[in-house]
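Trainee: I have a model open and would like to question it piece by piece. Can we keep the answers short?

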Amino acid sequence: VLFMFIGILVLVGVDVGVNMTLPKYFMEKCDLGLNDAVLGNSVYFLVRTLSAFLGGIILMRYSERIFFKFSVLISFFGLISLAFSGSVATIIACIVIFGIGYANLFSIIFSLALKTIPQKANEISSLLIVGVSGGAIITPILGFVSDMFSTQSAAIIVLILIWLYMMWMIKKVMNLR
């Protein structure tokens, strides 16, 4: 349950971090104004919404563990690619890839954690919801790093490093009983 709680912290922290970083990243890389730079957030939320719906359908047919693995890998590819993107089209493509992978991870982690000790479902769900505070923990770190290096690319690199926890979690999730 502890590694699932940390997974929720990471998920929410990266989600908030992506939302916070995207407009500034667009402004920095593509020389866009703020009104145009928020396009990335709109695309991200649209993709996450559609992917969550489609993911629910896919999860009716496939194992949540396998789906978790591929979702984490797809998201990781999107984040890595984002770090090397410099045009509006490639950044949007990376946001789409990341959003597709990210969309169902929260619900999968939540479900798997509740299955570990079903008789403690109330306590576990309460603990996991506290993990939403990851957004308040990671964003100041991103702000500090991007200010220190004077680039939003540094924040993207930090998000990638944080996402490595999710990569590590693949093995844990695949070995759950």
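**Loops, helices and cysteines**

Mentor: Asp31 sits in the loop between α1 and α2 (34–37). Helices here are DSSP runs (H or I, at least four residues; strands are E, at least two), numbered from the N terminus. The model is predicted, so local features need pLDDT of at least 70 and side-chain atom pairs pLDDT 80 or more, while totals for chains, interfaces and linings use all residues. Residues are numbered from 1 along each chain as its sequence is written, and side-chain values use heavy atoms, with hydrogens and water left out.

Trainee: Is Asp31 buried or exposed?

Mentor: The cut-offs are under 20% relative accessible area for buried, over 50% for exposed, and partly exposed in between (1.4 Å probe, protein chains only). Asp31 has a relative accessible area of 71%. That makes Asp31 exposed.

Trainee: What is the phi of Asp31?

Mentor: Asp31 is a residue other than glycine. Its phi is nevertheless positive. The value is near 55°.

Trainee: Which loop residue between α8 and α9 has a positive phi although it is not a glycine?

Mentor: The loop between α8 and α9 holds this residue. Its phi is about 55°. It is exposed, with a relative accessible area of 64%. The residue is Ser150.

Trainee: How are α8 and α9 oriented to each other?

Mentor: Two packed helices are described by the angle between their axes and the distance between the axes. Axes are lines fitted to C-alpha atoms, for helices over the stretch in contact, and angles run from 0 to 180 degrees between N-to-C directions. Helix α8 (residues 134–149) and helix α9 (residues 152–174) pack at about 140°, with axes 7 Å apart. Under 35 degrees counts as roughly parallel, over 145 as roughly antiparallel, 65 to 115 as roughly perpendicular and the rest as oblique, so α8 and α9 are oblique.

Trainee: What is the handedness of the crossing of α8 and α9?

Mentor: A crossing is left-handed if the near helix is turned anticlockwise from the far one by less than a right angle, and right-handed if clockwise. The crossing of α8 past α9 is right-handed.

Trainee: How many charged residues does the contact of α8 with α9 have?

Mentor: Contact means heavy atoms within 4.5 Å. From α8, Ile138, Ile141, Leu142, Val145, Ser146 and Phe149 meet Gln152, Ala154, Ala155, Val158, Leu159 and Ile162 of α9. Ala, Val, Leu, Ile, Met, Phe, Trp, Tyr, Cys and Pro count as nonpolar, Asp, Glu, Lys and Arg as charged, and the others, Gly among them, as polar. By class, the contact has 10 nonpolar residues, two polar and, for charged, none.

Trainee: Which residues does Ser153 of α9 contact, leaving aside its neighbours within four places in sequence?

Mentor: Ser153 lies in helix α9. With 16% relative accessibility, Ser153 counts as buried. Its contacts are Tyr25, Glu28 and Lys29.

Trainee: Why are α1 and α4 called roughly parallel?

Mentor: Helix α1 (residues 2–30) and helix α4 (residues 64–83) have axes that come within 13 Å. Their crossing is left-handed. They count as roughly parallel because the limit is under 35 degrees. The angle is roughly 25°.

Trainee: Which α4 residues meet Val14, Val18, Leu22 and Tyr25 of α1?

Mentor: By class, the contact of α1 with α4 has seven nonpolar, no polar and no charged residues. On the α4 side they are Leu79, Leu82 and Ala83.

Trainee: How many disulfides does the structure hold?

Mentor: A disulfide is a covalent bond between the sulfur atoms of two cysteines. The cut-off here is a pair of sulfur atoms within 2.5 Å. The sulfur of Cys94 is 11 Å from the closest cysteine sulfur, in Cys30, too far for a bond. The count of disulfides is zero.

Trainee: What is the relative accessible area of Cys94?

Mentor: Cys30 is buried, at 16%. Cys94 is buried too. Its value is 5%.

Trainee: How far apart are the C-alpha atoms of Leu112 and Glu64?

Mentor: Leu112 is in helix α6 (residues 105–116) and counts as buried at 3% relative accessibility. Glu64 is among the residues that Leu112 touches. The two are 48 residues apart along the chain, yet their C-alpha atoms are separated by 8.3 Å.
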